[in-house]
Amino acid sequence: MEIQSVTKNYTLTNFCNSYQVVFTNGQEWSVPLDESNSDYQMILEWVALGNTITDNGGGE
Amino acid sequence: MALTTLPTAAFATGSVGTSQLADGAVTTEKLVADVNFRNIIINGDMSIAQRGTSSTSSDFATVDRNNVLFGTIGATQSQTTDVPSNYTFNNSFKLNVDTASSATNANAQIRQIIEAQMIRSSGWNYTSSSSYLTLSFWVKCSLAGTYYAVFRSEDGTQQSISKSYTINSANTWEKKTITISGNSNITINNDNGRGLTVWFVFIAGTDNSGSSANLDSWGAFVSGNYTPDSSDAQTFLNTTNANISFTGVQLEVGTTASDFEFLPRDINLQRCQRYYRRFKSTGQTEDDFATIYGNAANGDHVMVGVPLSPTMRSVPSVSIDNPLTIDDHFRSGRTQSSANCVINGNGKGTYIVLKCGNFTSMSTGNTIQFSHNTTTVTIQFSSEL
């Protein structure tokens, strides 16, 4: 699967504890900030290629 | 059945000697067959398919632990009931070429990535050239020919070895055996990351195959050189409805392929659920939604703690496919305006806290329970490698 976009998720107390990833096949996953998670590793590689994680801020 | 201890009175001392045992009566195969959990491959009988039984998607989509990749071609992966006759398999995994391709980057790959600590605890001395792993499998292919399996160590400098196997007769189940040794250059960490990848690959052209592939001996993995060039693989990928099926895939320590080790279904499922599990609203007995409880955190969000048993390999990723309905205070049903459940806490492999939004008029603090509603909602947890 290839990543289409990544957006920060926020807790109700405005901490970012996960990313929301949309893949090119349409699947959408909430990914923990955990280096042993392979989706998180994929995000790090995606960012290293010059892509940017969207930050819409918290404040829910 | 495991060997049992005979009572001491069963045989008089010295009554069973070499003359009483026929040649070959106690073979290595018989001894190895008494080693439990000897299969390093998980779900090698292809019996567990939590995600579904047929898909035209690549990646993880049908049979558990099978990571299926295909490029340029269109394909269907499926769990089928076509199995070798006179054996007790119930399922096989099938890959069918729906749209053929002659492109130089056409490929199809069926792989299982084995967790590093599973290799470290297997008993294989992976740095020794005199310690062995044996891969055995049943395979049925619509086209006779020579194809390749590839092994790659994942830590340190990746090392790979490709081995060929031959389909002698088209559309016929055949059992194949491949043995590899260890190698001093292999690194496998004792952790929950990638350890060893086992691949069945079909590479069409020069983009992913070539003379730098490590055929029959270990060597540093060369990107784009999984296998030697293969005209048979090229033909397979360029033939509409070419197909290949596998079952009874077993990787074990030693040079002998023992009989396939069948596990009880519950054990096999639990081994798969270390890497993937799901909860469905339709009240499945093995993945029941109603085990998930939580509280309303405010007017439009609920927080739920999901116990993950068995423990997953890592903190999982989470996905929800349809708007969720909950029982608010065990009475009124409330449904999300659109699907929304994200990871709220750092979580662990044993539990995870989710924040599910897009509700309305919730009373803060109310206890909620995920509901068996009429719409099928699936929440997936993945910690695949």
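Here a trainee and a mentor talk through the cysteines and the chain contact of a predicted model.

Trainee: Which cysteines form a disulfide here?
Mentor: Over all chains, the structure holds one disulfide. A disulfide needs two cysteine sulfur atoms within 2.5 Å, and one pair here has its sulfurs 2.1 Å apart. That pair is B:Cys341 and B:Cys356.

Trainee: How many residues apart in sequence are the parts tied together by that pair?
Mentor: Look at the strands in chain B. B:Cys341 lies in strand S19 (residues 341–343) and B:Cys356 in strand S20 (residues 351–356), so the parts tied together are separated in sequence by 15 residues.

Trainee: Is B:Cys356 buried or exposed?
Mentor: The cut-off for buried is under 20% relative accessible area. B:Cys341, its disulfide partner, is at 3%. B:Cys356 is at 0%, so it counts as buried.

Trainee: Why does A:Cys16 have no bond to the closest cysteine sulfur?
Mentor: Exposure first: A:Cys16 is partly exposed, at 22% relative accessible area. The closest cysteine sulfur is in B:Cys356, and that is too far for a bond, at 17 Å.

Trainee: Which strand gives the largest share of the side of chain A that touches chain B?
Mentor: On that side, strands S1 (3–10), S2 (16–23) and S3 (28–32) and helix H1 (38–48) each supply at least two residues. The largest share is five residues, and they come from S3(A).

Trainee: How many residue pairs are in polar contact across the interface of chain A and chain B?
Mentor: Salt bridges between chain A and chain B come to zero. Polar contacts do turn up, counting pairs with both residues at pLDDT 80 or more, and the number of residue pairs is twelve.

Key
Residues numbered from 1 in each chain as written. Chains lettered and ligands numbered in written order. Predicted model: local features only at pLDDT ≥ 70, side-chain atom pairs only at ≥ 80, totals over all residues. Heavy atoms only, no water. Helix = DSSP H or I, 4+ residues; strand = E, 2+ residues; numbered from the N terminus. Buried < 20%, exposed > 50% of the residue type's maximum accessible area, 1.4 Å probe, protein only. Salt bridge = Lys/Arg side-chain N within 4 Å of Asp/Glu carboxyl O. Polar contact = N/O pair within 3.5 Å; in protein donor to acceptor, adjacent residues only side chain to side chain.
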